[in-house]
Amino acid sequence: MGYIVRRFLSTLPVMAVVAVVVFLLIHLSPGDPAALIAGDLATTEDIEKLRAALGLNLPLWQQFGLWIGKLFTGDLGTSIFTQVPVAQLLGQRLEPTVSIAALTMLITLVVAVPLGTLAAYCAGTWIDRFVMLFAVLAFSVPVFLVGYLLVYTFALQLAWFPVQGYVSFAEGPGAWLRALVLPCVNLALVYIALVTRMTRATVLEVLHEDYIRTARAKGLGVLPVLGHALRNAAIPIATTIGAGIALLIGGVVVTETVFAIPGVGRLVIDSVQRHDYPVIQSVLLLSAGVYVLINLLIDLSYRLFDPRIQY
């Protein structure tokens, strides 16, 4: 319990540094949201009045203090352009992004772990070389290019899936899944390649251990032997999967743009173009929080895979 408390407390300075960096990067970047809102015909006085109304004329330290104070009360602020609370905007955009991320990781786990294990077991054969060739290609080709190829082939030519857009789960699980297949497969290819390579490397190393040779000598079948190998190779695989979940944040932005999905990624793109400070700050801070939380959970999960680890 003491270890968990210490690890949790160690995340607080990290989040504090992230908050400062995010705030400074956004506010020191070129562009004035007041000028964008006022339009080309606005006078300098109009822009200054609007900056005062939005609180953008205050010193940076004061703006930062007001922002942090609101965060501690659970208030993420209000969008400069839409005048809608940021929490409400995120709530409206969260379902598509979470759906893409969850289904992408499910596809990754179902495909990558068995594929990497198979490649390790068949090391040196044509199966191993084929799997590694697939992993290299999947990792090398840009996500947006794969997305356009999937749209052209399976949406435009074969008409199996919609070209773009999102259907809420409440409107029907079938339509929801059909709308997500292409974007999730597009995004999952990179992570399948990453997890497959890590799984192959770690399982192959474990398969050369003495206890695996002993298990084979006792007459254990292929599946029980691979089960023992996977359990002992689980820590680096779990770490890679956790890092992949965190990296999904960046991949979802590209995927949502290619497939015109109204998720958090599209919200970030629109907010950056309009210099909507409250939205950008909140999304970046929440993304950093998710990344830190995932790493904390990975650390805590090591005990599940290796009981020798004591906290």
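Start with internal space: a search of the whole structure, which is a predicted model, finds one cavity of 30 Å³ or more. The space in this largest cavity comes to about 30 Å³. Rolling a probe the size of a water molecule over the atoms is what shows where empty space is left.

Select the lining next. The residues around the largest cavity are Pro162, Val163, Gln164, Gly165, Ala179, Leu182, Pro183, Phe259 and Ile261. Colour them by class, and the lining shows seven nonpolar residues, two polar ones and no charged ones.

Stay with Phe259 and Ile261, which are both in that lining, and select Ala260. Ala260 sits in the loop between helix H11 (234–258) and helix H12 (264–274). Check the backbone here: Ala260 is not a glycine, yet its phi is positive, at about 50°. Most residues other than glycine have a negative phi. Is Ala260 buried, partly exposed or exposed? Its relative accessibility is 25%, so Ala260 counts as partly exposed.

Move to helix H8, residues 173–207, and pick Thr202 within it. Thr202 counts as buried because its relative accessibility is 9%, under the 20% cut-off for that class. Which residues does Thr202 touch, once its neighbours within four places in sequence are left aside? Show Ala233, Pro236 and Ile237, which are in contact with Thr202.

Keep H8 on display and add helix H5, residues 86–121. Two packed helices are described by the angle between their axes and the distance between the axes. The axes of H5 and H8 come within 5 Å and cross at roughly 35°. The H5 and H8 crossing is right-handed. By class, the contact of H5 with H8 has 23 nonpolar, seven polar and one charged residues.

Now zoom out and show the chain as a cartoon. How many helices and strands does the chain have? The chain comes to 13 helices and zero strands. Followed along the sequence, the pattern reads α-α-α-α-α-α-α-α-α-α-α-α-α.

Finish with the whole chain coloured by accessibility. Of the 311 residues in the chain, 38% are buried, and Thr202 counts as buried. Then turn on contacts between residues at least 6 apart in sequence: 73% of these join residues at least 24 apart.

Notes:
Residues numbered from 1 in each chain as written. Predicted model: local features only at pLDDT ≥ 70, side-chain atom pairs only at ≥ 80, totals over all residues. Heavy atoms only, no water. 1 Å grid on protein atoms, 1.4 Å probe; cavity = no way out; pocket = protein on both sides within 12 Å on 5 of 7 lines; lining within 4 Å. Points joined across faces, edges and corners; volume = space filled by probe spheres on them. Nonpolar A, V, L, I, M, F, W, Y, C, P; charged D, E, K, R; others polar. Helix = DSSP H or I, 4+ residues; strand = E, 2+ residues; numbered from the N terminus. Buried < 20%, exposed > 50% of the residue type's maximum accessible area, 1.4 Å probe, protein only. Contact = heavy atoms within 4.5 Å. Axes fitted to C-alpha atoms, helices over the stretch in contact; angles between N-to-C directions. Left-handed = near helix turned anticlockwise from the far one by under 90°.
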